[in-house]
Amino acid sequence: MSKTIAFFGLGIMGLPMAKNLVNAGFHVRGFNRTPAKADALAEAGGSAAATVAEAVDGADVIITMVPDSPDVEAVLTGDDGILAHTSSGATWIDFSTIRPDVAKALAEQAKAAGIKPLDAPVSGGEPGAIDGVLSVMVGGDQADFDAVSDVFEAVGKTIVLVGPSGAGQTVKAANQLMVAGNIGLLAEAVVFLKAYGVETGAALQVLGGGLAGSKVLDQKGQKMLDRSFDPGFRLELHHKDMGIVTAAAREAGVAIPLGTTVAQLVAATVQQGNGGLDHSGLFTVIEALSGKNEN
């Protein structure tokens, strides 16, 4: 029998993920603070819930995909939250990106309520969510992970259990550190190439075929050249994630000098009012620092 899934958070990433679950044959009931997003899921073959209680009623799997740690805490543990309405035995998958320590604490609360928790942040951006090829880094128990492998396979391509509760969020922090650094260096390379009058499209093409090639170059290089920063992943969210990284590094006594620098550049971009841009919009600050701003 197909699993019934309650899906909380139908934004840029959540809605296409929920649609892929519908397409895989699951019964998906969506809840979103903006009801129109849940209506979009219903139009795709799922159903829209008007309340948290309606969403989780009889659900085998409960999924959250919301912006930050306080949002996950509120939807899970609030007076009208998931734990207040969910029967023991369900599995809770949190696809959000939050602090590892918060993930661990919420996992303990879920377990105490008889819910099986898996922190499972994703990478791949909106294109990966639409195509169902996300990278999913999972923290939790092996048996719980195995029991919902079909759910993960409907939204992701590379799906790995990386350790106990909280480990998924720790690996995601490392992912965001690497992505931000890669975007920053790509932006510097583009500014550098333009300063020398190089045909930048051709340059990125040949760079992409060598060791400098990366998914960041493939997905973000042309956006920088076109100055097209419509969000696939907003800078304000990457700013939040870099805060998670730098705090976790301090706690572990780990030096991340490059990460600290790019975190400051991301923060500067957001402080200039550009938090709604795609994170490739980091290019605008690096360009301005070089005095090469085309605007």
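Which residues does the UniProt annotation "domain: 3-hydroxyisobutyrate dehydrogenase-like NAD-binding" cover? In the unreviewed UniProt entry, this annotation covers residues 166-284. The legends below take that stretch and its partner in turn, and everything shown comes from a predicted model.

**Figure 1. The two annotated domains, one after the other.** According to the unreviewed UniProt entry, the feature "domain: 6-phosphogluconate dehydrogenase NADP-binding" sits at residues 4-163. Within residues 4-163 the chain is 44% helix and 25% strand, and the C-alpha atoms at the two ends of this stretch are 26 Å apart. The other annotated stretch, residues 166-284, is 75% helix and 0% strand. Its end C-alpha atoms lie 34 Å apart.

**Figure 2. The largest nonpolar core.** Welcome to the inside of the model: its largest nonpolar core has 31 residues. The residues with the most contacts inside this core are Met17, Leu21, Ile93, Phe95 and Phe152. At least two core residues each come from strand S1 (4-8), helix H1 (14-23), helix H2 (35-43), strand S4 (61-64), strand S8 (134-139) and helix H9 (149-155). Of the contributors, H1 gives the most, with five residues. Another core lies apart from this one and has 25 residues, including Val179, Leu186, Ala187 and Phe229.

**Figure 3. A close look at Met17.** Here we zoom in on one of the residues with the most contacts inside the largest core, Met17. With neighbours within four places in sequence left aside, Met17 is in contact with Phe7, Met65, Phe95, Val122, Ala129, Leu134 and Val155. One of these partners, Phe95, is itself listed with Met17 for the most contacts inside the core.

**Figure 4. Helices H4 and H6 side by side.** Helix H4 spans residues 69-77 and helix H6 spans residues 100-112. Their axes are 11 Å apart, and the two helices pack at an angle of about 5 degrees. An angle under 35 degrees counts as roughly parallel, so H4 is roughly parallel to H6. On the H4 side, the contact is made by Ser69, Val72, Glu73, Leu76 and Thr77. H6 answers with Val102, Leu106 and Gln109. Sorted by type, the residues of this contact are four nonpolar, three polar and one charged.

**Figure 5. Lys172, the annotated active site.** The unreviewed UniProt entry places the feature "active site" at Lys172. This residue lies in helix H10, which runs over residues 167-195. Is Lys172 buried or exposed? Lys172 is buried, because its relative accessible area is 4% and the cut-off for buried is under 20%. Not counting residues up to four places away in sequence, Lys172 touches Thr97, Pro121, Val122 and Met137. Val122 will be familiar from Figure 3, as a contact of Met17.

**Figure 6. Helices H11 and H12.** The axes of H11 and helix H12 (residues 215-226) come within 11 Å and cross at roughly 170 degrees. Angles over 145 degrees count as roughly antiparallel, and H11 and H12 are therefore roughly antiparallel to each other. From H11, the residues Thr200, Gly201, Leu204, Leu207 and Gly208 meet Leu217, Gly221 and Leu225 in H12. The residues of this contact divide into four nonpolar, four polar and no charged.

**Figure 7. Thr200 and Gly201 in helix H11.** Thr200 lies in helix H11, which covers residues 200-208. With a relative accessible area of 12%, Thr200 is buried. Beyond its neighbours within four places in sequence, Thr200 is in contact with Val190, Leu193, Lys194 and Leu225. Gly201 also belongs to helix H11, and at 26% relative accessibility Gly201 counts as partly exposed. The C-alpha atoms of Gly201 and Val190 are separated by 9.5 Å, with their positions eleven residues apart along the chain counted as the spacing.

**Figure 8. Arg227 and Glu236, around the start of H13.** Arg227 is found in the loop between H12 and helix H13 (235-252). Although Arg227 is not a glycine, its phi is positive, at about 50 degrees. The relative accessible area of Arg227 is 22%, making this residue partly exposed. Glu236 lies in helix H13 and is partly exposed too, with a relative accessible area of 37%. Not counting residues up to four places away in sequence, Glu236 touches Val270 and Gly275. For a longer view, the C-alpha atoms of Glu236 and Val61, 175 residues apart along the chain, are separated by 29 Å.

Note on methods
Residues are numbered from 1 along each chain as its sequence is written. This is a predicted model: local features need pLDDT of at least 70, side-chain atom pairs count only at pLDDT 80 or more; totals for chains, interfaces and linings use all residues. Side-chain values use heavy atoms; hydrogens and water are left out. A nonpolar core is a set of buried Ala, Val, Leu, Ile, Met, Phe, Trp, Tyr and Cys residues joined through side-chain atoms within 4.5 Å. Buried means under 20% relative accessible area, exposed over 50%, partly exposed in between (1.4 Å probe, protein chains only). Helices (H or I, at least four residues) and strands (E, at least two) are DSSP runs, numbered from the N terminus. Contact means heavy atoms within 4.5 Å. Axes are lines fitted to C-alpha atoms, for helices over the stretch in contact, and angles run from 0 to 180 degrees between N-to-C directions. Angles under 35 degrees count as roughly parallel, over 145 as roughly antiparallel, 65 to 115 as roughly perpendicular and the rest as oblique. Ala, Val, Leu, Ile, Met, Phe, Trp, Tyr, Cys and Pro count as nonpolar, Asp, Glu, Lys and Arg as charged, and the others, Gly among them, as polar. UniProt positions are given in the numbering used here, feature names are shortened, and annotations may be inferred rather than shown by experiment.
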